[in-house]
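Good morning, and thank you for the time. I would like to take you through a two-chain model, beginning with one detail and then widening the view.

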Amino acid sequence: MSKGVAVTGMGIISSIGNNLEENYQSLVSEKQGISKIKKIKTIHKNVIKVGEIDYTNNELVTLLGLSDSNNYSRTAMLGELAAKEAVKNANITDINKYRTGLISATSVGGMDMTEKFYYSQFKETKNRKYIASHDAGDTSKKIAESLGITGFVSTISTACSSSANAIMLGARLIKAGKIDRVIVGGSDCLSKFTINGFKTLMILSETDCKPFDENRTGLNLGEAAAFLVLESDEVVKNENKKVLAYVSGYANANDAYHQTASSENGEGATLAMQKALKIAKIKPTEIDYINAHGTATPNNDHSESSALINVFGANVPDFSSTKAYTGHTLAAAAAIEAVYSILAIQNEIIFPNLNFETPITDTLLVPKTEVTKKEIQHVLSNSFGFGGNCSTLIFSKA
Amino acid sequence: MAHCYINGIGCVSAQDTSDYKTFLENQFELTENVVHVHKPNYRDYIKPAMSRRMANGVKNGVVAATLALREAGIENPEAIITGTGMGCTIDSGKFLKNIVENDEQFLTPTSFIQSTHNTVGGQIALGLKCKAYNVTYVHNATSFETSLIDALLMIKDNETNILVGGIDEIGDYSLSLHQLVGYVKEQDTLANGLLNSNSSGVVYGEGAQFFALENQKKTTTYAELVDVEIYDSIAKNDVEAKLIQFLKTNNLDVSDLDLVVLGNNGDIDFDPIYNDLQNSLLKDTQQIYYKQLSGEYLTVSSFGLWIASQICKTQDVPEFLKLNSKKVTTIKNILLYNQYKGESHSFTLLCSC
């Protein structure tokens, strides 16, 4: 029996590293990537703390070998970099040897350029090229084109759970035999739009975020991109591929409670975890590690804790949120946490939940706060978003 | 293998599409270059307290979704899948304007909250208290088709009913940018009809179309949704081959087609892609188009599916849709083909029941 859908490659860029190896080294050395805004031209520069990637846009242009006339948003550049690493990591040389698709997730899309040239586009022609790269789909189109993918290309935007749904759709397409191989993940850059949006919601922390802590004060935003290569059993067999892990479970449910807030009892999250376990055909007790959504907002962490107790009772498995490392990277979050989940399985290590001190009074759940060695068969990863979206993925050892 | 039937539909468009008879009697070819929807009576569908915060696109989506579910007699679907090319452009434009004009100060969260691409799907779920699967696709002109592909996967995977829709709205700021770069036709080019505009760009439109899909046939069934395929790009001379291949996957030949629904939008730069098919591969097939009634938006192919569904059920092809004089009495197999700016190609196959 198939263990699920094979993951054969990964690529990532985040504020804790420009590639897979750098991310892993930061995770195990507890090196977080949160600092005051340096690059974005905003009144919040040097005030609000975020997870910013070191590369400037110009450096990214050079790295990707783009022409001066390119109309890439930062979202697309980060995405392309991570997707290319994933394809390389999967040792793919001829992308169209098999029916290959791309599903990318984003919430920011080309907003970073649109906000930058809000007025100047009307006055001068040179920045009008970004009008065509504003829509979310343009990011995926560019990544697909750079990889030579022409067939099934799509983009998902369900706010902060987006890339979980991209991974889920990819796995379902392969299972259904619609496609042989699919690059799945997400990308979001920081923008004034999201920084100010989350600020008006009053859920940004002024300090380093403290997931699952009683005294947490909100989230740090971050930017990142990550992609996985999923391949059918047939491709794995034909190409004698090394399987990094399997996507064994996935589910999506809606909280149907509020446009932005999660319900007190975490009903949507509970449903998503239960459905994912059912699809993976495993019992709650078989989960060895949970990479929680854990944004460090008062609302999310309380709701997610309730959901964890709903699903796992008194025996909540070892869990941590890695958001204190990277910040909340919105549509990319589930993809970078998928990479971290698989790294956890491969290296038999649980990455710590940084900055935690005091358990939440109501739930008393205590995350793992130190790098912990442990053999891991199954990891469950949660991602929740505006619009009541709750998604859960389960990754299993190859 | 489970079959997928269209059992309920809802449409908010530039025409009065509250019911098909009204549409047939009152339809008109658009003559403006920017066309908003014919507004339904929102109060009949949405509580004023909720409606107040909703932008037009969200309201249109909720209305179309309600109509589709009502017709199919579904109270709580097992999945809500939406497609939108540009997302909630009214609220994102509003929030962006406030950021820029007020130098990032004195901002309120309402328009930010409503600006995410999945607002329509989220609001429908909220209204129905529907805790099921909920996803939004935002991929240019195949946003709606990806939603259909997802729904077909679910039906084949034993789900029983699914709500699927395409929504796009006109936002002032996006419109002004799109006018700046010539995406929108000049008004005076439309005097002799959309297909004779002899100009680049499109009639800028908006709309919301929803479909209740089920694995069972009902008295309300319009058609069977057989298959959907998308291609992000197709080499210029390869569209014919891809079309033939799509039909072949479904054990059909071009001669088996009783009707093709084409996405001609009067853009002289990209309509030749349709014209080439019309004049060669599909020359003996009955052809219709529909964007003269709806304008162009990234999920307008859902309006095409609304029309095709109606034709399938009534077995009558209205004159005002026709692109050629070919006539077929019994309409069984319908193929829809759409592309935008020579990219984001989609093939959708319907079959009458």
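How many bridges join strand E2 of chain B to E3(B)? There are 5 bridges between E2 (residues 79-83) and E3(B), and the two strands run parallel. Strands are DSSP runs of E with at least two residues, helices are runs of H or I with at least four, and both are numbered from the N terminus. Two strands pair if DSSP finds at least two bridges between them.

Before going further, I should state that this is a predicted model: local features need pLDDT of at least 70, side-chain atom pairs count only at pLDDT 80 or more, and totals for chains, interfaces and linings use all residues. Residues are numbered from 1 along each chain as its sequence is written, while chains are lettered from A and ligands numbered from 1 in the order in which they are written.

Let me stay with E3(B). Within the pairing, Ile81(B) stands opposite Val135(B). Strand E3(B) covers residues 133-137, and 5 of its 5 residues are buried. By buried I mean that 20 or more other C-beta atoms lie within 10 Å of the residue's own; exposed means 12 or fewer, partly exposed is in between, and C-beta atoms are placed from the backbone. In a regular strand the side chains alternate between the two faces of the sheet. On one side of E3(B) we find Tyr133(B), Val135(B) and Tyr137(B), on the other Asn134(B) and Thr136(B), and all are buried, with both faces covered.

Now to chain B as a whole. Chain B holds 12 helices and 10 strands, and 57% of its 353 residues count as buried. Its radius of gyration, taken over C-alpha atoms, is 19 Å, which agrees with the value near 20 Å for a compact globule of 353 residues; the globule rule is 2.2 Å times the number of residues to the power 0.38.

The domain assignment, which is automatic or from a database, divides chain B into domain 1 (5-214) and domain 2 (223-351). Their centres, taken over C-alpha atoms, are separated by 21 Å. In the contact between them, 48 residues come from domain 1 and 36 residues from domain 2 of chain B. Here, contact means that the C-beta atoms of two residues, placed from the backbone, lie within 7 Å. Elements giving two or more residues to the domain 1 side include strand E1 (5-12) and helix H7 (143-156) of chain B. The largest share of that side, 7 residues, comes from H7(B).

Let us turn to chain A. Chain A contains 13 helices and 15 strands. Of its 398 residues, 63% count as buried, and its C-alpha trace spans about 60 × 55 × 40 Å along the principal axes. Chain A has a radius of gyration of 20 Å, in agreement with the value near 21 Å for a compact globule of 398 residues.

Helix H1 of chain A, residues 20-28, deserves a closer look. Leu20(A), Asn23(A), Tyr24(A) and Leu27(A) are buried there. Seen down the axis of H1(A), these buried residues fall within an arc of 100°, so they line one face of the helix; the arc is that of the directions from the helix axis to the C-beta atoms. Glu21(A) and Gln25(A) are exposed on the face turned away from the buried side. Among the elements covering the buried residues of H1(A) are strand E1 (5-13) and helix H3 (74-89) of chain A. Just after H1(A), Glu30(A) takes a positive phi of about 55°.

Chain A is likewise assigned domain 1 (5-238) and domain 2 (247-397), with C-alpha centres 21 Å apart. There, 62 residues of domain 1 are in contact with 55 residues of domain 2 of chain A. Helix H7(A) gives the most to the domain 1 side, with 7 residues.

Which residues form the boundary between the chains? In total, 46 residues of chain B are in contact with 48 residues of chain A. Elements supplying at least two residues of the chain B side include E3, H7 and helix H4 (89-101) of chain B. The residues on that side divide into 23 nonpolar, 16 polar and 7 charged. For these classes, Ala, Val, Leu, Ile, Met, Phe, Trp, Tyr, Cys and Pro count as nonpolar, Asp, Glu, Lys and Arg as charged, and the others, Gly among them, as polar.

Strand E3(B), where we began, is thus also one of the elements on the side of chain B that touches chain A. Thank you.
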